[in-house]
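Biologist: I should be grateful for a close look at a single part of this structure. Please explain each term as it arises, since I am a first-year student.

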Amino acid sequence: MPEHASRWPEGRPLPALPQQRQTGHRSESVELTREEQDAFAELARRLGNRPA
């Protein structure tokens with residue numbers, strides 16, 4: 001880890017960022033069809049295989 005990443009005290013929120021919820025509301029999620037799940041998995045595989 002870079003040295004600068006450890007300068008802020010652990011567990012202290014950054015003053016410029018609003019407090020974040022740990023989980024979203026149910027209305028913020030969607031159920032994917034099997035076809036959508038397959039398409040997303042294929043996209044993730046393709047993006048994961050890209051050269052750096």
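Is R46 buried or exposed, and what is its relative accessible area? Please describe its surroundings as well.

Modeller: Two remarks on the source come first. This is a predicted model, in which local features need pLDDT of at least 70 and side-chain atom pairs count only at pLDDT 80 or more, while totals for chains, interfaces and linings use all residues. Residues are numbered from 1 along each chain as its sequence is written, and side-chain values use heavy atoms, with hydrogens and water left out.

R46 is exposed, with a relative accessible area of 58%. The word follows a fixed scale: buried means under 20% relative accessible area, exposed means over 50%, and partly exposed lies in between, with a 1.4 Å probe and protein chains only.

The side chain of R46 meets that of E42 in a salt bridge, at 2.9 Å from N to O. By definition, a salt bridge is a side-chain nitrogen of Lys or Arg within 4 Å of a carboxyl oxygen of Asp or Glu. E42 and R46 are four residues apart in helix α1, so about one helical turn separates them. Helices (H or I, at least four residues) and strands (E, at least two) are DSSP runs, numbered from the N terminus. The protein chain has one helix and zero strands, and helix α1 covers residues 34–48.

E42 also forms a salt bridge with R45, whose closest N and O atoms are 3.1 Å apart. Here the partners are three residues apart in helix α1, and again about one helical turn separates them. E42, R45 and R46 are thus linked in a network of salt bridges. Within this network, E42 is partly exposed at 32%, and R45 is partly exposed at 47% relative accessibility.

The structure holds three salt bridges, and another of them joins the side chains of R34 and D38 at 3.6 Å, N to O. R34 and D38 are four residues apart in helix α1, hence separated by about one helical turn. R34 is exposed, with a relative accessible area of 55%, whereas D38 is partly exposed at 38%.

Nonpolar side chains also appear on the surface. F40, L43 and L47 form a nonpolar patch there, with about 320 Å² of accessible area together. Such areas come from the Shrake-Rupley method with a 1.4 Å probe; for residues, only the protein chains shown count as cover. Patches are made of residues with over 30% relative accessible area and no salt bridge; like charges are joined within 9 Å, and nonpolar side chains (Val, Leu, Ile, Met, Phe, Trp, Tyr) within 5 Å. L47 lies in helix α1 and is partly exposed at 47%.
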